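Here is a protein model to look at together. Have the sequence and the 3D view ready, and follow along as we go from one spot to the next.

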Amino acid sequence: MIGHIEGQLLEVYDNVILVTVGGVGYELEVTHNVLATLPGRGKGLRLFTHFVVREELQQLFGFASRAERDLFRVLIRASGMGPKLAVAMLSVLSPADLAAAVQNGDADALIRVPGIGRKKAERLLLELKGKLPASLEPAPLQRTGSDGRAQTEAEGALVSLGYRPAEAARLVQSVRAEGDSAEALVRAALRQAARQAEAAP
């Protein structure tokens, strides 16, 4: 088993990178998170890896963190989830976002991944429940009563509008005093997001 790769970045094409180690070039398929944090060509890098061996193919996958690699290993054990689809999921959802989606039963978050429809998302949520690495299991939500329901519904509405679950939760938390209904919270959260976008450099 190859646990990590440490060498120099040689080439990048699509979601595959070529890393040279001791004169040997290793091709790794990587997530978008890795692509977004790559150094310049010829610079050093270190990635956690998972080696997949099949009868007709050998593939090496690279990950920016141990958490991302460990979550990949959980995903590929789920029914109907091959390595390519697992990489696609981790390219759309961070480990924290995926953990939150599993905890909250948020199928809408999963169907943003190309190749995953609603039925498959719902099945995956059931299959992954309780199987995430301990370091990724979020603390149980402590929401109760109508306020808690309104916040949950508002977060779901924001996710359906394209926000990541973690970002939706953060926005709703920041405006929770501005309304007692899901609709009011969504409006306030969208105003807050617009203000933050205007203030960004």
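## A serine to start with

Which backbone oxygen lies 2.9 Å from a polar atom of the side chain of serine 91? It belongs to valine 87. Keep in mind that this is a predicted model, so every distance here is computed from it.

Serine 91 sits in helix 3, which covers residues 83-92. Its side chain has another partner too: the backbone nitrogen of histidine 32 lies 3.0 Å from a polar atom of that side chain. Once you set aside the neighbours within four places in sequence, serine 91 is in contact with Thr31, His32 and Arg164. Is serine 91 buried or exposed? Its relative accessible area is 14%, and the cut-off for buried is under 20%, so serine 91 counts as buried.

## Two helices that pack

Now stay with helix 3 and look at its partner, helix 2 (residues 66-75). When two helices pack, people describe them by the angle between their axes and the distance between the axes. For helix 2 and helix 3, the angle is about 135° and the axes are 9 Å apart. Angles from 115 to 145 degrees fall among those called oblique, so helix 2 and helix 3 are oblique to each other. The crossing of helix 2 with helix 3 is right-handed.

Who does the touching? On helix 2 you'll find Glu68, Leu71, Phe72 and Leu75, while helix 3 brings in Pro83, Ala86, Val87, Met89 and Leu90. Sort these residues by type and you get 8 nonpolar, no polar and 1 charged. Val87 turns up here, and its backbone oxygen is the one we met beside serine 91.

## A leucine in helix 9

Next, hop over to leucine 185, in helix 9 (residues 182-199). Its relative accessibility is just 1%, so leucine 185 counts as buried.

Leaving out residues up to four places away in sequence, leucine 185 touches Ala150, Gln151, Ala154, Val172, Val175, Arg176 and Gly179. Take alanine 154: it is 31 residues from leucine 185 along the chain, yet their C-alpha atoms are separated by 6.1 Å.

## The whole chain

Time to zoom out. The protein chain has 9 helices and 5 strands, and from the N terminus they run β-β-β-α-β-β-α-α-α-α-α-α-α-α. Along its principal axes, the C-alpha trace spans about 60 × 40 × 25 Å.

Of the 201 residues in the chain, 40% are buried. And among contacts with a separation of 6 or more, 52% are between residues 24 or more positions apart.

Note on methods
Residues numbered from 1 in each chain as written. Predicted model: local features only at pLDDT ≥ 70, side-chain atom pairs only at ≥ 80, totals over all residues. Heavy atoms only, no water. Helix = DSSP H or I, 4+ residues; strand = E, 2+ residues; numbered from the N terminus. Buried < 20%, exposed > 50% of the residue type's maximum accessible area, 1.4 Å probe, protein only. Polar contact = N/O pair within 3.5 Å; in protein donor to acceptor, adjacent residues only side chain to side chain. Contact = heavy atoms within 4.5 Å. Axes fitted to C-alpha atoms, helices over the stretch in contact; angles between N-to-C directions. Parallel < 35°, antiparallel > 145°, perpendicular 65-115°, else oblique. Left-handed = near helix turned anticlockwise from the far one by under 90°. Nonpolar A, V, L, I, M, F, W, Y, C, P; charged D, E, K, R; others polar.
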